[in-house]
Amino acid sequence: MKSGDKQYAVIGLGRFGLSVCQELQQAGAEVLAIDIDEDRVRAVAGFVSQALVANCTNEETVAELRLSDYDMVMVSIGADVNASILTTLVVKEAGVKNVWVKANDKKHSKILHKIGADHVIMPERDMGVRVARKMLDRRVLEFQELGSDLAMTEIVVGSRLLGKTLGDLALCKEQGVQVLGFKRGPDITKAPELDRTLEIGDLIIIAGPRETLSRKLSSL
């Protein structure tokens, strides 16, 4: 499945929301960008599929936007915590199945989880954790030779693979290539099911013919 087969909506077009829109659109996804600030909407209108000025704390507005038709909605409202919480609640009550929300702190995150957010992101904290882990773990994500022209490597999931499954990756369908493990945060799954949906930061451990891995990895 290509990224363009899915529809994403991003509510809140500050620096974080803008970056999400850019990455999704560059990956070929269809993106609806929404903000109450006309200047912010105008700034993204040139590169997203559709950009609208709208207040998503309003139930009627959300119903008119038909956000329940979208595969994923990101609520990235930053400064106004009340608007973030109310928007999340309204969007979930509108029937959106997969709602990701940007939180400012732990208290904000806790409230979002309680009202039904499917995934909560704290960008500064999450980035700090990733940087610290890289500082502590000095392994280089490169090929480890296994002999007989076989190798093992790791793939860090970025925005291009967001929302896809392991089974969607052409690499996993190549003869001789096996998914050995899957790591999300502290949790490691051996021989994961191929219907596992990918999130940014996930780690996929694969093994197979070195030539095949080299050729396919360059296209991810």
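Colleague: How many of the seven residues of strand S11 (residues 203-209) are buried?

Modeller: This is a predicted model: local features need a pLDDT of at least 70, side-chain atom pairs count only at pLDDT 80 or more, and totals for chains, interfaces and linings use all residues. Residues are numbered from 1 along each chain as its sequence is written, and side-chain values use heavy atoms, leaving out hydrogens and water. Buried means under 20% relative accessible area (1.4 Å probe, protein chains only), and strands (E, at least two residues) and helices (H or I, at least four) are DSSP runs numbered from the N terminus. S11 is largely enclosed by the rest of the structure, because the number of its buried residues is five.

Colleague: Which strand pairs with S11 over seven bridges?

Modeller: Two strands pair if DSSP finds at least two bridges between them. One bridge to S11 links Ala 151 with Gly 208. The strand that pairs with S11 over seven bridges, in the antiparallel sense, is S8 (residues 150-156).

Colleague: In S11, which residue is the bridge partner of Val 179?

Modeller: Strand S9 (residues 178-184) runs antiparallel to S11, and five bridges join them. In S11, the partner of Val 179 is Ile 206.

Colleague: Which element gives the most to the largest nonpolar core?

Modeller: A nonpolar core is a set of buried Ala, Val, Leu, Ile, Met, Phe, Trp, Tyr and Cys residues joined through side-chain atoms within 4.5 Å. The largest has 25 residues, and those with the most contacts inside it include Ile 11, Val 91 and Leu 112. Elements giving two or more residues to this core include strand S1 (7-11), strand S2 (30-35) and helix H4 (81-93). With four residues, the element that gives the most is H4.

Colleague: How many residues does the other core have?

Modeller: That core lies apart from the largest one. Its members include Val 44, Val 48, Met 72 and Leu 162. Its residue count is 17.

Colleague: Over which residues is the pLDDT below 50?

Modeller: pLDDT is the predictor's confidence in each residue, from 0 to 100, and the chain has a mean of 85, with 88% of its residues at 70 or more. One stretch falls below 50 and, beyond near neighbours in sequence, has one contact (heavy atoms within 4.5 Å) in the model. Where pLDDT is low, the predicted coordinates should not be read in detail. The stretch is residues 136-140.

Colleague: What share of the 220 residues of the chain counts as buried?

Modeller: The chain has seven helices and 11 strands. Over its 220 residues, the buried share is 38%.

Definitions and conventions
Buried < 20%, exposed > 50% of the residue type's maximum accessible area, 1.4 Å probe, protein only.
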